[in-house]
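Here is a short, friendly briefing on how the strands and a helix are arranged in this structure. Have the viewer ready and follow along.

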Amino acid sequence: MRLARRRLICIICPLGCEIEAVIEDGEIRSVSGNRCRRGLSYVEEELLRPKRVLMTVVKCRNGELPVVSVKTVKPIPKEKLLEAARLLASVEVEAPVSRGDVILEDLFGSPVVATKTIRRAVSLNSLSFKVL
C-alpha cells in the first residue's frame, strides 16, 4: 500500500483553489480544497491522465525563416511529449505556410497546426534589375 499527498493549484477558473489530494495505490482516495466540481475534475485529470499542448517548430524549406512555429490543437498525453517532439523534428514543410495550416493530421490524437505565416523567400536570381 503506497500513500501519497499531492498539492495542486487549480488553473481551471480564476479562483485558483489550492487542492490537496490523497492518492493510494494509483487511485485518488480523497480531495479537499476545491470550491467547485471543476476543481475535482482538474485534479483527477492532472493526477491520473495528465495532458499538455505541445508547442515547437518544424523546418520550413524556401521560407523567409528556416522554421515555422506549430502547436497541437488539443492536449496530448504528457508521457508522449518527448516522442511527439522527436517526430516533429523530422517534419519539413515547404513555404508558403499560413497560420492555421494543418502540418500533421494526427499526433497522438491531435492535429498539429502552424501558428505563424511564413512567406516564400525571394531569391535574388529571380529578380530582374534595370541598369540606369
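Let's begin with one strand pair: β6 (residues 67-72) and β10 (residues 110-114) run antiparallel to each other and are joined over three bridges. Within this pairing, K71 sits opposite V113 of β10. Please keep in mind that the model is predicted.

**The five-stranded sheet**
- Both of those strands belong to an open sheet of five strands, ordered β8-β5-β6-β10-β9.
- The pairing in this sheet is mixed.
- At the edges you will find β8 (92-94) and β9 (102-107); each has a single partner strand, so one side of each is left without a neighbour in the sheet.
- From one strand to the next, the twist averages 35°.

**The helix on that sheet**
- Helix α2 (residues 81-89) packs on the five-stranded sheet.
- The strands that α2 touches are β5 (55-61), β9 and β10.
- The direction of α2 makes about 140° with that of β9.

**The three-stranded sheet**
- Another open sheet is formed by three strands in the order β1-β2-β3, and its pairing is antiparallel.
- Its edge strands are β1 (3-9) and β3 (27-32), each of which pairs on one side only.
- Here the twist averages 25° from one strand to the next.
- Strand β2 (residues 18-24) pairs with β3 in the antiparallel sense, over five bridges.
- Which residue in β3 is the bridge partner of E24? That partner is E27.

Technical notes:
Residues are numbered from 1 along each chain as its sequence is written. This is a predicted model: local features need pLDDT of at least 70, side-chain atom pairs count only at pLDDT 80 or more; totals for chains, interfaces and linings use all residues. Side-chain values use heavy atoms; hydrogens and water are left out. Two strands pair if DSSP finds at least two bridges between them. Helices (H or I, at least four residues) and strands (E, at least two) are DSSP runs, numbered from the N terminus. Axes are lines fitted to C-alpha atoms, for helices over the stretch in contact, and angles run from 0 to 180 degrees between N-to-C directions. Contact means heavy atoms within 4.5 Å.
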